[in-house]
Amino acid sequence: MQPILSVQNVSKTYEGGFVALKNVSLDLSQGEIFALLGPNGAGKTTLISIICGLVNMTEGRIAVAGHDIVADYRAARELIGLVPQELKTDSFETVWATVSFSRGLFGKKRNDAYIEKVLRDLSLWDKKDSKIMTLSGGMKRRVLIAKALSHEPRVLFLDEPTAGVDVELRRDMWRLVSALRAAGVTIILTTHYLEEAEEMADRIGVIRKGELILVEEKTALMRKFGQKRLTIQLTAPLAAVPPALAGHGLELAPGGQALIYAYGTTNGSHAPVSALFHDLDQAGLAYKDLDTEQSTLEDIFVDLMRGE
Ligand SMILES: Nc1ncnc2c1ncn2[C@@H]1O[C@H](COP(=O)(O)OP(=O)(O)OP(=O)(O)O)[C@@H](O)[C@H]1O
């Protein structure tokens, strides 16, 4: 199937010579949620801005549903919605006028029923006649989302959509994202809240210093780079790991009250764990409790960023 978004060998050098993107390639399929992660200044906004036609690329080619974003920019842009990071809205207009006007800008026929649905989905309906300048920051952000959805885009970019928003808006937003995905909309989001990406994304891309260093299905990523940690709380403290257990790579917790066993989640086999318990019993070590922890996307991300 043709990708809904195809980014091929895109590079960007800003005026003054700063290289913000280096040979980035990426294909997205319809209806997927893709989380683009990376530290501040990695190039996420640059990439999104290029795809949305706000910044020119230096090299490369991008197509949206087969429409080249340069040669066929009108058709390409009609398919894209962008919720920008910064709050910029026309303060004197009403919510209704702002969102309807935005639809008109894309040459779409007026559709009041659709705009009403968008405003209702974003809990903005009772504010439809309010001027933007009278709204709270969270409400303004909802308006930005409504604007981005006004022309029924097939690809939606959310650039740090939940930065500084309250729990309720965050929850609304994720409900909306699920509904959009179910309707076949492809969503690309950048976020610094990694639990959000862990929860929502189908695939994760990590960008570092302008390079897309990794693109992976989320579940595969968690399997591949994830670690589990088993803490065995002992009934009596130890001074050192007993020699009989030397082959397991155990660590003794400070104070000697617990043994820590870290293992990968790659092969799904539990043989090493059962061998460990067998040897614990053989060594006559008594334990009173067990804790397991699994690495989160955040742990994996931090490790990836360290691995320069
Ligand atoms: N107009 C510009 N001229 C020169 N350099 C720029 C310009 N815009 C961005 N940059 C630089 O390009 C790099 C990438 O910026 P970008 O905004 O894409 O990062 P980001 O990954 O979105 O970061 P953040 O997480 O902070 O939003 C940064 O070093 C930034 O200073």
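# Reading strands, helices and a buried residue

Author: Welcome! In this predicted model, 4 strands form an open sheet in the order 2-1-4-5, with antiparallel pairing.

Reader: Which strands stand at the edges of that sheet?

Author: Strand 2 (19–28) and strand 5 (67–68) do. Each has a single partner strand, so one side of each is left without a neighbour in the sheet.

Reader: What holds strands of a sheet together?

Author: The general idea is that strands pair through backbone hydrogen bonds, either parallel or antiparallel. Here, strand 4 and strand 5 run antiparallel and are joined by 2 bridges. One pair to look for is V64 with its bridge partner in strand 5, H67.

Reader: Let us stay with strand 4. Is I62 buried or exposed?

Author: I62 lies in strand 4 (residues 59–64). A residue counts as buried if 20 or more other C-beta atoms lie within 10 Å of its own. I62 has 22 C-beta neighbours inside 10 Å, so I62 is buried.

Reader: Which residues does I62 touch, not counting residues up to four places away in sequence?

Author: I62 touches S6, V7, V10, I50, I51 and I69. For a sense of scale, try L180 too: I62 and L180 are 118 residues apart in sequence and 23 Å apart in space, C-alpha to C-alpha.

Reader: Now the helices, please. How are two packed helices described?

Author: By the angle between their axes and the distance between the axes. Take helix 3 (residues 95–105) and helix 4 (residues 112–121): they pack at an angle of about 125°, with axes 11 Å apart. The two helices are therefore oblique to each other, and their crossing is right-handed.

Reader: Which residues make the contact?

Author: Helix 3 contributes V95, V99, S100 and R103, while helix 4 contributes I115, V118 and L119. These contact residues divide into 5 nonpolar, 1 polar and 1 charged.

Reader: Could we practise on another set of strands? With which strand does strand 11 pair over 7 bridges?

Author: Strand 11 (residues 227–234) pairs with strand 13 (residues 258–264), in the antiparallel sense. There you can find R229 opposite A262 of strand 13. Strand 13 also pairs with strand 12 (residues 251–252), again antiparallel, over 2 bridges. In that pairing, E251 has I260 as its bridge partner in strand 13.

Reader: What should I look at in the hairpin of strand 12 and strand 13?

Author: Look at the 5 residues between the strands: G255 takes a positive phi near 95° in this hairpin.

Note on methods. Residues numbered from 1 in each chain as written. Predicted model: local features only at pLDDT ≥ 70, side-chain atom pairs only at ≥ 80, totals over all residues. Pairing = 2+ DSSP bridges. Axes fitted to C-alpha atoms, helices over the stretch in contact; angles between N-to-C directions. Parallel < 35°, antiparallel > 145°, perpendicular 65-115°, else oblique. Left-handed = near helix turned anticlockwise from the far one by under 90°. Contact = placed C-beta atoms within 7 Å. Nonpolar A, V, L, I, M, F, W, Y, C, P; charged D, E, K, R; others polar. Buried ≥ 20, exposed ≤ 12 C-beta atoms within 10 Å, placed from the backbone.
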